[in-house]
Amino acid sequence: MQTTMIIPPSSTVGAGSTFGHQCVIGQNVRIGANVKFGNMCVVEDNTVIQDGVIIDHFCIIGEDCVIGSRTKIRSHVELRKKTVVGDDCYIDSGVKSSGLNRIGNRVTLRYDAIIARGCDIGDDSYICPQVMTNNLDHNGKEVGGAKILTGCFIGTNSTIGAGITLAAKTVIGSKAMVTRSIDVAGVYIGVPAKWIRDL
Ligand SMILES: CC(C)(COP(=O)(O)OP(=O)(O)OC[C@H]1O[C@@H](n2cnc3c(N)ncnc32)[C@H](O)[C@@H]1OP(=O)(O)O)[C@@H](O)C(=O)NCCC(=O)NCCS
């Protein structure tokens, strides 16, 4: 596809990488090999996009981010400053990260999930559409993002409270509100989320 864009001299692009129309690449950006961008994507300064990443149309990848190898990012995704995404992840359309988040390897974030600042999502977790993780309390004070350990499943439209830790392999049903940390993996549902059974 024909492009109208400039790669600053401080940034590098690996072999086989392609760009759609009107992408904007910041300073000191490192783009690996065989990365494929759609149209009108922005990559801000100091970000690293590793080999084989696919980024669809209209995405904004903020400063100091890392996108791991072979991760696929669908359209209209915004990942703000210092979001680190592991290898082989799937980030669906409309996902937002408010920055300083770490997303492990092989994580799926489905449509319109919102990951608030300071969240840590373990490898192999599956976050369903419109999940929100919180960081602020009701006074607007930063409490810290959620810690979602490996292999968790969080159902559609659930909210994970600020500073909450979820044990590895925890299952949260759709439309739950998790208000306390979960130390023992199991299936939890409701508002507030309560245990209903072991795995
Ligand atoms: C929580 C969940 C995993 C439980 O599945 P399950 O173990 O097969 O549970 P069951 O369907 O047997 O339901 C057990 C009970 O919990 C209730 N229940 C199930 N899910 C619920 C939910 N999300 N909220 C409130 N109650 C729920 C059921 O009505 C049932 O109640 P009953 O015993 O009074 O009849 C599942 O219902 C769920 O919410 N999955 C999320 C699905 C999703 O978001 N998918 C998106 C994919 S992109």
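In this predicted model, P192 is found in the loop that connects β27 and β28. The peptide bond between V191 and P192 is cis, with omega at about -5 degrees. Most peptide bonds are trans, and most residues other than glycine have a negative phi. The strands on either side of this loop, β27 (residues 187-189) and β28, run antiparallel and are joined by 3 bridges. Within this pairing, V187 of the one strand stands opposite R197 in β28.

The pair belongs to a wider arrangement. An open sheet of 10 strands follows the order β4-β7-β10-β13-β16-β19-β22-β25-β27-β28, and its pairing is mixed. At the edges stand β4 (36-37) and β28 (194-197); each has a single partner strand, so one side of each is left without a neighbour in the sheet. Strands of a sheet pair through backbone hydrogen bonds, in either a parallel or an antiparallel manner. Across the whole protein there are 28 strands and 0 helices.

Two loops beside strands of this sheet hold residues with an unusual backbone angle for their type. F58 lies in the loop between β7 (54-55) and β8 (60-61). Its phi is near 60 degrees, a positive value in a residue other than glycine. Q130, in the loop between β19 (126-127) and β20 (132-133), likewise has a positive phi, of about 60 degrees, although it is not a glycine. How buried or exposed are these two positions? F58 is partly exposed, because 17 other C-beta atoms lie within 10 Å, a count between the limit of 12 or fewer for an exposed residue and that of 20 or more for a buried one. Q130 also counts as partly exposed, with 17 C-beta neighbours inside 10 Å.

At the level of the whole chain, the protein is divided into domain 1 (1-93) and domain 2 (95-199). The centres of the two domains, taken over C-alpha atoms, are separated by 26 Å. Their contact takes 19 residues from domain 1 and 18 residues from domain 2. On the side of domain 1 that touches domain 2, the elements giving two or more residues are β11 (78-79), β12 (84-85) and β13 (90-91). The residues of that side divide into 7 nonpolar, 5 polar and 7 charged. One of the contributing elements, β13, is also a member of the open sheet described above.

A further set of residues surrounds the ligand. Which of the 13 residues around the ligand come nearest? They are G155, T156, G173, S174 and I189. The last of these, I189, falls in the range of β27, the strand that is paired with β28. The shell around the ligand as a whole divides into 6 nonpolar, 5 polar and 2 charged residues.

The overall dimensions complete the description. The C-alpha atoms fill a box of roughly 55 × 35 × 20 Å, taken along the principal axes. For 199 residues, a compact globule would have a radius of gyration near 16 Å, and the value of 17 Å for the protein agrees with this. Buried residues make up 41% of the 199 residues. Among contacts with a separation of 6 or more, 13% are accounted for by residues 24 or more positions apart.

Notes. Residues numbered from 1 in each chain as written. Predicted model: local features only at pLDDT ≥ 70, side-chain atom pairs only at ≥ 80, totals over all residues. Domains from an automatic or database assignment. Contact = placed C-beta atoms within 7 Å. Helix = DSSP H or I, 4+ residues; strand = E, 2+ residues; numbered from the N terminus. Nonpolar A, V, L, I, M, F, W, Y, C, P; charged D, E, K, R; others polar. Near = placed C-beta within 6 Å. Pairing = 2+ DSSP bridges. Rg over C-alpha atoms; globule rule 2.2 N^0.38 Å.
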